[in-house]
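This report covers one helix, the internal cavities and the cysteines of a single structure. Please look over the sequence and the model before reading on.

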Amino acid sequence: MSTRIAFLKGHGTENDFVIIPDAENVIDLPPAAVAALCDRRAGLGGDGLLHVVRSAAHPEARAMAAEAEWFMDYRNGDGSVAEMCGNGVRVFAHYLQRAGHVTEGDIAVATRGGVKTVHIAKEGDITVGMGKALLPEGDVTVSVGGRSWPARNVNMGNPHAVAFVEDLDHAGDLYTAPPFSPASAYPDGVNVEFVVDRGLRHVALRVHERGSGETRSCGTGACAVAVAAACRDGADPAVTGTPATYTVDVPGGRLVITERPDGEIEMTGPAVIVAEGEIDAGWLETATP
């Protein structure tokens, strides 16, 4: 490892990330190092880390290299590996454009949840093709304090439990993962969204992301919420034959989610790079137990 490691800091609707450019996949980033970088007091601070690697240089992405030159090796803030991060993909694409690797228009990004199509607008927001949602069978319940709610099980390449509530304060502090049942529904944990209605096809959420706690936004969570809301509202595009678009307010901003009759989902929202610099590799070694 070199003595200096380049980094950037970015966010999508205030879901924030440490970005580590590493085209040839030479930087060692074990879970403890990722957690140290994402630490908000002793590190750079972030809900997660975007490790930017050429697909051909990463063993998990080589099979996707013909479709997508770049692989988003995404990690949660605690260092654990995650399949996908919708806000992260937008920030990842914005970084690629800023670094001169891509230009505006359509690009492909490899993730553990598959290859995602991203459209970088000439000015403004970025749209991500999020793929199709899966709706596993079976009833799920989530709880906070003495309250419990039925939840819709939605998989967006990562697992979600979507609960419609009367007040977002019912979600509690979300520092710890809300209990759910049955345990067999989510053997690897789950992202839990608490949702209220704001208007016609307009909802707001709070979310606990597994491995990160409450975050200011969750892109895959916003997609899961839109899918669950469309099913609840009788607006499922697979049934109606008409696209369903929902505005989803998150604590850090606003996302627009559209599900098409073929099941494909698109998410549109902002992406921002706020800083860049270098860290000392020696610090990272001493910060890692």
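## Terms and basis

A cavity is a set of points, on a 1 Å grid over the protein atoms alone, where a 1.4 Å probe fits but cannot get out; its lining residues have an atom within 4 Å of a point. Grid points are joined across faces, edges and corners, and a volume is the space filled by probe spheres set on the points.

The model is predicted: local features need pLDDT of at least 70, side-chain atom pairs count only at pLDDT 80 or more, and totals for chains, interfaces and linings use all residues. Residues are numbered from 1 along each chain as its sequence is written, and side-chain values use heavy atoms, with hydrogens and water left out.

## The cavities

There are 2 cavities of 30 Å³ or more. The largest has a volume of about 80 Å³. It is lined by 14 residues, of which Asn76, Met84, Asn158, Asn191 and Glu209 are the closest to its centre. Strand β4 and helix α3 (219-232) each supply at least two residues of this lining; helices (H or I, at least four residues) and strands (E, at least two) are DSSP runs, numbered from the N terminus. By class the lining has 5 nonpolar, 6 polar and 3 charged residues. Here Ala, Val, Leu, Ile, Met, Phe, Trp, Tyr, Cys and Pro count as nonpolar, Asp, Glu, Lys and Arg as charged, and the others, Gly among them, as polar.

The second largest cavity holds about 30 Å³ of space. Its lining includes Cys223, Tyr246, Ile257 and Glu259. Two or more lining residues come from each of α3, β15 (244-250) and β16 (253-259), and α3 gives the largest share, 4 residues. This lining divides into 8 nonpolar, no polar and 1 charged residues.

## Helix α1

Helix α1 spans residues 31-38, and its buried residues (under 20% relative accessible area, 1.4 Å probe, protein chains only; exposed is over 50%, partly exposed in between) are Ala33, Val34, Ala36, Leu37 and Cys38. Among the elements that cover them are β2 (15-21), β3 (48-54), β4 (70-76), β18 (272-280) and α5 (281-287), counted by contact, meaning heavy atoms within 4.5 Å.

## Cysteines

How many disulfides are there? The count is 0, a disulfide being a pair of cysteine sulfur atoms within 2.5 Å. Cysteine 38 is buried, with a relative accessible area of 5%. Its sulfur is too far for a bond because the closest cysteine sulfur, in cysteine 85, is 11 Å away.

Cysteine 231 is also in no disulfide, and the nearest cysteine sulfur, that of cysteine 223, is 14 Å away. Cysteine 231 is partly exposed, at a relative accessible area of 23%.

Terms used. 1 Å grid on protein atoms, 1.4 Å probe; cavity = no way out; pocket = protein on both sides within 12 Å on 5 of 7 lines; lining within 4 Å.
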